[in-house]
Amino acid sequence: MNALPPVRVGLDLDGSLESLDNTMTDLADALSNTGECQLVRFRTQSAVKSRDERRIPFRPLWAPLWRRSLGPAIDLRLPPLDVVHVAGLATPPTTKVPLIISVDDLRPLRGESREHQRINQLRRAVARGAVLVASSRSASHEVQREVGLQRSQVVVVPPAVPLVDATLDGADLVVNITGLDERFLALAPRLLEFVNHHGARVVAVTSSAVGQRIRASGLPVKVLARRDARLALGQARVVLHMSDGARFPSFAIAALGAGVPTIALATSINRELLGGAAALALEDEEVLSTLPDVWSSAARRSIMVAAGRARAVDFAPSTAARAYLTLYRDVVRG
């Protein structure tokens, strides 16, 4: 049997996986390593950062239009391609080359954002034939409902989550905060009381805006930016993943891969992706009642470490690359 020819893919590195920094480069590297993909790396929203990235002429001029799914076709500014894949703010038009859009951030689709540009942007792209990709079944249902699409118009492919180094002798309670800063601030005094009893500290990994709020509160919480997420995981004894469910839980999955027992709020996406590997809690009181056992029980920690590492493999860059290669070929075949 003849081997399939390499698929020519244009991949936008300006992705949107905020909860563990930007991992589109991890996906790009994994795609290249398959040997089944001729990859053209580019950026729609920022300047090139390495020699293997393709510079797009007049990119700053077109970027605002691409964020509305308008402007010139992106494939006319790149070498010949079979498919273009974007995952960030830009959804530029294409001519005859299929466009794949990974929708990793649901916040712009939600009513409380008062932001309808993203919905109109995606509707405009789908009307031209773009394929939308959700990160989970739960996210797929929300994309269908908010954008007004049929089930067949949204594909589910989890994004790449890098396998980080194993954590050895971590001592911190690391809290990843996404969209729940008020809830964290209310819970923080009791978390601090717990860690002080164990001679440890609370480390919050969050956005710069939420970090400023935490510092202004006067609480003795160490704040780290998203770009320092790997550093935080390397010093964690337990991770508490506090998310509103609008983002793929990449930080929590990376924690599982590092062998760090993890507690996560029981949102629909966390139940789907983390159930059986992380401890899920519905209410803050359940977080507080679960924390001592996850912190101190050697038996429970051992079970959680093994289950977490096994689960994280399902979302490794190599796994995501294989899934996306299948999608690319399906889309190219029409």
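## Helices and two single residues in a predicted model

Ser 152 lies in the loop between helix H4 and strand S7 (154–156), in a structure that is a predicted model. With a relative accessibility of 69%, which is over 50%, Ser 152 counts as exposed. Its C-alpha atom is separated by 9.9 Å from that of Leu 132, although the two residues are 20 residues apart along the chain.

The helix on one side of that loop, H4 (residues 137–147), holds Glu 142. Is Glu 142 buried or exposed? Its relative accessibility is 12%, and because this is under 20%, Glu 142 counts as buried. The side chain of Glu 142 is joined to the side chain of Arg 110 by a polar contact of 2.7 Å. When neighbours within four places in sequence are left aside, Glu 142 is in contact with Leu 106 and Arg 110.

The table sets out the two single residues described so far.

| Residue | Place | Relative accessibility |
|---|---|---|
| Ser 152 | loop between H4 and S7 | 69%, exposed |
| Glu 142 | helix H4 | 12%, buried |

Burial can also be followed along a whole helix. In H1 (residues 24–33), the buried residues are Met 24, Leu 27, Ala 28, Ala 30 and Leu 31. Seen down the axis of H1, these residues fall within an arc of 165°, and they therefore line one face of the helix. They pack against strands S1 (7–12), S2 (37–42) and S4 (83–86), and also against helix H12 (317–333). Just after H1, Gly 35 takes a positive phi of about 75°.

Helix H2 (residues 59–66) has Arg 59, Trp 62, Ala 63 and Trp 66 as buried residues. Down the axis of H2 its buried residues fall within an arc of 120°, so they too line one face. An α-helix has 3.6 residues a turn, so residues three or four places apart point the same way. What covers the buried residues of H2 includes helix H3 (117–127), while the face turned away from the buried side carries the exposed residues Pro 60 and Leu 61.

Two further helices can be described by how they pack together. Helix H5 (residues 181–197) and helix H10 (residues 284–296) pack at an angle of about 35°, with their axes 11 Å apart, and their crossing is right-handed. From H5, Arg 183, Leu 187, Arg 190, Leu 191 and Phe 194 meet Asp 284, Glu 285, Val 287, Leu 288, Leu 291, Pro 292 and Trp 295 of H10. Sorted by class, this contact has 8 nonpolar and 4 charged residues, and no polar ones.

Conventions
Residues numbered from 1 in each chain as written. Predicted model: local features only at pLDDT ≥ 70, side-chain atom pairs only at ≥ 80, totals over all residues. Heavy atoms only, no water. Buried < 20%, exposed > 50% of the residue type's maximum accessible area, 1.4 Å probe, protein only. Helix = DSSP H or I, 4+ residues; strand = E, 2+ residues; numbered from the N terminus. Arc of directions from axis to C-beta. Contact = heavy atoms within 4.5 Å. Axes fitted to C-alpha atoms, helices over the stretch in contact; angles between N-to-C directions. Left-handed = near helix turned anticlockwise from the far one by under 90°. Nonpolar A, V, L, I, M, F, W, Y, C, P; charged D, E, K, R; others polar. Polar contact = N/O pair within 3.5 Å; in protein donor to acceptor, adjacent residues only side chain to side chain.
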